[in-house]
Amino acid sequence: MLGYSLRRIIYTAPVLFGVSVVCFALVHISPGDPLISILPADASVELQNRLRTLYGFDRSYPEQFILWLGRALQGDLGTSIATGRPVTTEVMRAVGNTLMLAAVATAIGFVLGCFFGFVAGYFSNSPLDKAASAAAVFGVSVPHYWLGMVLVIIFSAQLGWLPAAGAGPGGSSQWRFDMVHLSYMVLPAITMSVIPMGIIARTVRALVAEILAQEFVIGLRARGLSEFGVFMHVVKNAAPTALAVMGVQLGYLLGGSILIETVFSWPGTGMLLNSAIFQRDLPLLQGTILVLALFFVVLNMVVDIMQSALDPRIKR
Amino acid sequence: MVDATLSQPILNPVRSAGYWQNVGKRLMRDKTAMAAAAVLALIALAAIFAPLIAPMDPLDGRLINRLKPIGTEGHLLGTDELGRDMLSRLIWGGRLSLLMGVTPVVLAFFLGSAIGIIAGYAGGWTNTLIMRTVDVFYAFPSVLLAVALSGALGAGLGNALFSLTVVFIPPIARVAESVTTRLRSSDFIEAARASGAGALTIVRVHVLGNVLGPIFVYATSLIAVSMILASGLSFLGLGVRPPNPEWGLMLNTLRTAIYAQPWVAALPGAMIFLVSISFNMLSDGLRSAMEVRQ
């Protein structure tokens, strides 16, 4: 267990390095001068050169990368061109909102996905299985940004039950735990939960069917265990994989929230990315992507280590 | 059955033809998969023959006709925010949407297979080097990587296609590598090597035929995701540019109309959903027909 954890952590280091290289490269694959959005249109050549030296763009790529990485390791991701505030501040403020939304969505998706998965796996090939499997296929096939729009049409535009956009009244960007703020979260969270719901349902269905076909289940039944007792054994066997899938899905939602945040104007990292792209705010784009990718890599590492701790059969 | 097999000339690759015939037969019996294939064929044909089928010019609109409801005289599915005929735009939109959804997976299938097979067959340091590089791209959630690349490169069809291809290469390469690695130590490969066949010959004759099937099935399961992602990029304003008809972009420009004509605004998304669920069902059918286990 300890050996595996150590190996998993050591394996993560080169991946993290590679991720930072990709994030660094983002600014440089971008067409045009990286200074174009802060330079005044009539800037003299002398001013251009001074700024280039100031930002370090006159150095070689490896040199620039080392300087950038050194600053990033100290928590300095540069300055947002659009707002003039440090990128770290902007990202950290937004990341809380996204984390909140993604965590709630993952929780909903996990509960529904496990329910559909268990029903489908237990009554495999019955009409119940067909219905539950259809729900799973729906979850992985629906364009979630469209589902969000349809939910807004039904519950905001037509019925007027729930707010359509934002994280709170009056464009509030800081989420608080009360009924009003909660009502703003309902539609985006449900929309987002559909993806993990489908994937978890598919995984759990396959797991349950596989476990039920094993001999130890027949053994348990032969020993006269109640159906509930057998069910608890199935849960125990399916739990490590289901929880691992849930953890990975949380990471996907954190990184993939941009479409849903755009539909619901949710003030998280997705909205931040959206504005960074359209204002050509490259430091902000780079910083946000780096933070989200780091989250994803570290989360995957933690999930793997926890899974090996939960499931003694895994010896890698 | 026996007679048919015996009457085959021996030179023909009887076994492999029989295998694919069986897959085809099993797939034909799968009603869900066939229904999905029919839906996809219909949408693809409509897109290909759009100039003949579409009742109106998809780019020509009159503001006086804007946002007409579904079932309007002359505009069966209503009109959009610029008064353009929705039915015509949905038919034409299939061209770019299908192109943007399918092309990245096709490109990634070839590139990812090549990368994975090389890594799997070569083994050792080559494998480590290639697969660790692939892992770096795998370390980004797919939506994030697509948005990051096309966001940095700027909006446009070519950049979106490039970004999506980069997104789908790592998962395909991983599958290709694991299938090839498993195959590499099998007896018939050893036998081919022992009888003096070169690496290129072994890969061409013995490896490709055995690994491309599983990789292909896996790749087809990615098309649905690719459709959603590609239209998602256009929805964000990072893919196809207006006024070209594309379902994701149409969904984006119609977002402001959800209070005026909600169901017209939702139509392009329904098309993306229909295509993506059909690809998923067809891919599931293909997987069980080929008896490929994941």
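Student: Which residue follows H7(B), and what is the sign of its phi?

Tutor: Gly154(B) follows H7(B). Its phi is positive, near 100°. Bear in mind that this is a predicted model.

Student: How do you know that the reach of H7(B) fits a helix of twelve residues?

Tutor: Set the span against the expected one. H7(B) covers residues 142–153 and reaches 17 Å from its first C-alpha to its last. At 1.5 Å a residue, 16 Å is expected. The two values are close.

Student: Why is Leu144(B) called buried?

Tutor: A residue is buried if 20 or more other C-beta atoms lie within 10 Å of its own. Leu144(B) is among the buried residues of H7(B), so it meets that cut-off.

Student: What makes H7(B) mostly covered?

Tutor: Eleven of its twelve residues are buried. They include Ser142(B), Val143(B) and Gly151(B).

Student: What makes Ala293(A) and Leu144(B) a contact?

Tutor: Two residues are in contact if their C-beta atoms lie within 7 Å. Ala293(A) touches Leu144(B), so this pair meets the cut-off. Ala293(A) also touches Ala139(B) and Phe140(B), as well as Val19(A) and Cys23(A).

Student: Which residues touch the most other members of the largest nonpolar core?

Tutor: Among them are Ala293(A), Leu144(B) and Ala146(B). That core has 158 residues. H10(B) gives the most to this core, with 16 residues.

Student: How many residues does each chain bring to the contact between A and B?

Tutor: Chain B brings 32 and chain A brings 37. On the chain B side, H6, H7, H10 and H12 each supply at least two. H12(B) has the largest share, eight residues. The chain B side divides into 22 nonpolar, seven polar and three charged residues.

Notes: Residues are numbered from 1 along each chain as its sequence is written. Chains are lettered from A and ligands numbered from 1 in the order in which they are written. This is a predicted model: local features need pLDDT of at least 70, side-chain atom pairs count only at pLDDT 80 or more; totals for chains, interfaces and linings use all residues. Helices (H or I, at least four residues) and strands (E, at least two) are DSSP runs, numbered from the N terminus. The expected span of a helix is 1.5 Å times one less than its number of residues. Ala, Val, Leu, Ile, Met, Phe, Trp, Tyr, Cys and Pro count as nonpolar, Asp, Glu, Lys and Arg as charged, and the others, Gly among them, as polar. A nonpolar core is a set of buried Ala, Val, Leu, Ile, Met, Phe, Trp, Tyr and Cys residues joined through C-beta atoms within 7 Å. Lists of a residue's contacts leave out its neighbours within four places in sequence.
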